[in-house]
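Trainee: I have a new model open and would like to learn how to read it. Could we go through some features together?
Mentor: Gladly; bring it up and ask away.

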Amino acid sequence: MTRRPPRPPLYPSYEEYRPPSPMDGCAACQELAARRSAAQAAFDYSAVSDANVRLRAHLLDTHSRT
């Protein structure tokens with residue numbers, strides 16, 4: 001009998017849903033976090049998602065982290 005490799009989980013982990021955290025001392029990170037906060041206050045969840053995507057990309061490009 002051949003063993004099958006384990007199946008991946010059906011749902012993504014909590015880490016994949018967690019919003020990215022800005023780096024201290026980085027003006028670009030702070031600006032993106034401020035945009036996200038303003039969008040949350042305005043209940044504009046599309047803009048919140050956009051800010052998260054831009055912040056993750058900035059973190060990867062500039063700070064080499066997610």
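Trainee: Let me start with one residue. Leaving aside its neighbours within four places in sequence, which residues is N52 in contact with?
Mentor: Keep in mind that this is a predicted model. Beyond the neighbours within four places in sequence, N52 is in contact with P19, P20 and R36. N52 itself is found in helix α3.

Trainee: Is N52 buried or exposed?
Mentor: N52 counts as buried, because its relative accessibility is 13% and the cut-off for buried is under 20%.

Trainee: How should I read the way two helices pack?
Mentor: Two packed helices are described by the angle between their axes and the distance between the axes. Here, helix α2 covers residues 27–41 and helix α3 covers residues 45–63; they pack at an angle of about 165°, and their axes are 8 Å apart. That angle makes α2 roughly antiparallel to α3, since the cut-off for that label is over 145 degrees. As for handedness, α2 passes α3 in a left-handed crossing.

Trainee: Which residues of α2 and α3 meet?
Mentor: On the α2 side you will find A28, C29, L32, R36, A39 and Q40. Their partners in α3 are A47, V48, A51, N52, R54, L55, H58, L59 and H63. By type, the residues of this contact of α2 with α3 divide into 9 nonpolar, 4 polar and 2 charged.

Trainee: R54 is on that list. How exposed is R54?
Mentor: R54, which lies in helix α3, is partly exposed, with a relative accessible area of 49%.

Trainee: What about backbone angles? Where would I look for something out of the ordinary?
Mentor: Most residues other than glycine have a negative phi. F43 has a positive phi of about 60°, although it is not a glycine. You can find F43 in the loop between α2 and α3.

Trainee: Is F43 buried or exposed?
Mentor: F43 is exposed, because its relative accessible area is 60% and the cut-off for exposed is over 50%. To place F43 against R54, take their C-alpha atoms: the two residues are 11 residues apart along the chain, and those atoms are separated by 18 Å.

Trainee: I see cysteines too. How many disulfides are there?
Mentor: A disulfide is a covalent bond between the sulfur atoms of two cysteines. With a cut-off of 2.5 Å between the sulfur atoms, the count comes to 0 disulfides. C26 is in no disulfide, and its nearest cysteine sulfur, that of C29, is 3.6 Å away. C29 is likewise in no disulfide, its nearest cysteine sulfur being that of C26.

Trainee: And are C26 and C29 buried or exposed?
Mentor: C26 is buried, with a relative accessible area of 12%. C29 is buried as well, with a relative accessible area of 0%.

Trainee: One last residue: where does R18 lie?
Mentor: R18 lies in the loop between α1 (14–17) and α2. It is partly exposed, at a relative accessible area of 37%. Compare its place with that of V48: R18 and V48 are 30 residues apart in sequence, and their C-alpha atoms are 12 Å apart in space.

Methods: Residues numbered from 1 in each chain as written. Predicted model: local features only at pLDDT ≥ 70, side-chain atom pairs only at ≥ 80, totals over all residues. Heavy atoms only, no water. Axes fitted to C-alpha atoms, helices over the stretch in contact; angles between N-to-C directions. Helix = DSSP H or I, 4+ residues; strand = E, 2+ residues; numbered from the N terminus. Parallel < 35°, antiparallel > 145°, perpendicular 65-115°, else oblique. Left-handed = near helix turned anticlockwise from the far one by under 90°. Contact = heavy atoms within 4.5 Å. Nonpolar A, V, L, I, M, F, W, Y, C, P; charged D, E, K, R; others polar. Buried < 20%, exposed > 50% of the residue type's maximum accessible area, 1.4 Å probe, protein only.
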